[in-house]
Amino acid sequence: MCSTLLSLVEAWWAWLLLVHCVANMPLTKNLRVAIIDSNPALKSRNYLTKSSIPDSRVSTVTPATISFFKDIGVWEHVQQQRHAFFGKMQVWDYTGLGYTRYNAKDVGKEYLGCVVENKVLCNSLLLRLQEELDDIENVIYPTRLVSLTFPSKSKQAGMKPTSSEPLSAGHSTEELHRSNLVKLDLSDGRSLYSKLVIGADGSKSNVRQIAGIKTTGWNYPQSAIICTVEHVMENDCAWQRFLPSGPIALLPIGDNFSNIVWTMSPEESLRHKSMSPEEFVMSVNRALDFGYGPHPRPNALDHFMEKFFSGTGNTAASTKESFEVPPKATGVVSERMAFPLSLMHSHDYVSKRLALVGDAAHTVHPLAGQGVNLGFGDAAALAKVIAEGVSVGSDVGDLTLLQRYEKDRKAANVAMTAVLDGFQKIYSVDFGPLNVARAAAFHGAQYISPLKRNIISFAMGDTKWPIFS
């Protein structure tokens with residue numbers, strides 16, 4: 001049982017999680033794994049210090065993801081490095097017509113999520129993988145993929161057949177001949193042969209393009225500015241305000257630091273990148289306070305809905321929480337980075353001897369911070385399918401086997417993509433009747449406790465649809 005799995009990557013967390021799952025499962029721990037990535041950070045073997053300034057690139061991981069990380073022994077490494085739980089969240093609209101507050105207590109939980117720097121996630125997965133693999137140095141190939149050559153019978157358009165060759169050194173005599181394997185040519189001149197190639201190399205996936213897998217998607221007329229800001233005191237709440245050009249989020253990252261994710265037009269993103277630090281901080285505080293519109297204030301509809309739904313019993317803890325003004329930023333302490341936003345979804349996640357995970361298969365709008373959790377879900381689901389295939393003696397690159405992974409994950413990913421795209425479109429229009437409808441939605445989410453709990457469970461990864469039940 002010495003198949004080789006190749007993970008090709010830019011989105012580290014997806015493939016590191018996948019490789020760890022394969023190495024950790026009893027049924028798959030004998031599979032040979034190779035990671036092709038030239039990133040020098042893969043040489044890190046130590047905890048990252050908590051005293052440094054937090055990096056701009058962070059992810060919000062859900063309780064469902066955290067639970068899975070605990071099961072596989074990764075979370076204990078995250079806990080040794082910087083991270084920040086948050087138990088409360090406030091979402092509101094620039095028109096001042098409505099707001100919604102969420103509290104982990106609404107669903108009997110301790111927290112709604114945890115904000116973790118991307119480098120901490122990657123390092124934690126790498127440290128755990130090092131514990132599982134004695135020969136980790138032989139698993140990582142610090143080079144780049146140059147080309148893929150698929151078997152002639154793979155039924156993939158545009159693929160060049162390989163000639164029938166004897167097995168390469170290191171492969172057991174029981175393995176299939178090279179003519180039935182994928183050939184990977186690397187930039188250092190070496191070649192590898194694999195039963196399964198896993199493309200986790202980001203939204204511009206070279207693996208996906210070589211395989212000829214088509215995508216559907218579009219660019220949003222928006223870019224996102226990300227950076228780290230400092231406060232006078234610690235922030236323990238996640239804040240998100242919908243502005244005319246897009247949402248701005250203030251996410252706790254530990255100590256007196258928060259992460260900013262601010263969606264705006266590409267022109268505005270360039271202007272905000274070139275602002276002085278003082279001007280940028282003023283602009284952030286304006287966007288999170290009185291800028292663009294007033295604070296939401298109690299009105300007759302609020303009092304009616306609170307009175308009406310409080311009589312139904314079992315009211316959510318956050319229903320009576322008043323609107324709060326977010327903590328003011330006192331300085332920007334990191335580089336301001338800007339990147340264009342887009343939606344992309346692959347028509348297929350798999351073909352024979354190939355599977356895509358994470359951003360290689362789908363990208364979503366960042367307004368709810370769900371992209372990384374979708375990628376983690378992909379990796380876990382694919383590892384499970386591989387293990388099930390090994391248990392019955394299936395070829396891990398068999399298309400029928402891989403399609404089980406696609407069926408499972410495509411439904412979940414399409415649903416989340418549609419929800420996030422819908423929110424992006426609804427909150428990108430400044431139109432009187434639509435503003436009122438949005439306000440009604442905020443009021444419903446604030447005062448209808450069963451709906452609120454479903455929304456929270458959906459965002460936490462516990463349920464698939466935020467329905468009223």
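How many residues does helix 10 have, and how far does the helix reach from its first C-alpha to its last? To find out, select residues 371–391 in this predicted model. Helix 10 has 21 residues and spans 31 Å between those two atoms, close to the 30 Å expected at 1.5 Å a residue.

Keep helix 10 selected and colour the selection by burial. The helix is mostly covered, with 16 of its 21 residues buried. Next, move just past helix 10 to G393, which takes a positive phi of about 80 degrees.

The tour now turns to the largest nonpolar core, which holds 35 residues. Select L148, L382 and Y405, the members that touch the most others in this core. Then display the elements that each give two or more residues to the core: strand 2 (32–36), strand 9 (145–149), strand 10 (182–186), strand 12 (196–200), helix 6 (206–211), strand 20 (354–356), helix 10 and helix 11 (399–426). Helix 10 supplies the largest share, five residues.

Apart from this core lies another, of 23 residues. To locate this second core, select Y94, V229, I260 and A287, which are among its members.

Finally, colour the chain by pLDDT. The mean for the protein chain is 83, and 83% of its residues reach 70 or more. Among the elements, helix 8 (residues 277–287) has the highest mean, 98, whereas strand 1 (residues 4–9) has the lowest, 44. Select residues 1–11, where pLDDT stays under 50 and the model has 62 contacts beyond four places in sequence. End at residues 465–469, where pLDDT also stays under 50 and the model has 13 such contacts.

Key:
Residues numbered from 1 in each chain as written. Predicted model: local features only at pLDDT ≥ 70, side-chain atom pairs only at ≥ 80, totals over all residues. Heavy atoms only, no water. Helix = DSSP H or I, 4+ residues; strand = E, 2+ residues; numbered from the N terminus. Expected span 1.5 Å × (residues − 1). Buried < 20%, exposed > 50% of the residue type's maximum accessible area, 1.4 Å probe, protein only. Core = buried A, V, L, I, M, F, W, Y, C linked by side-chain atoms within 4.5 Å. pLDDT = per-residue confidence, 0-100. Contact = heavy atoms within 4.5 Å.
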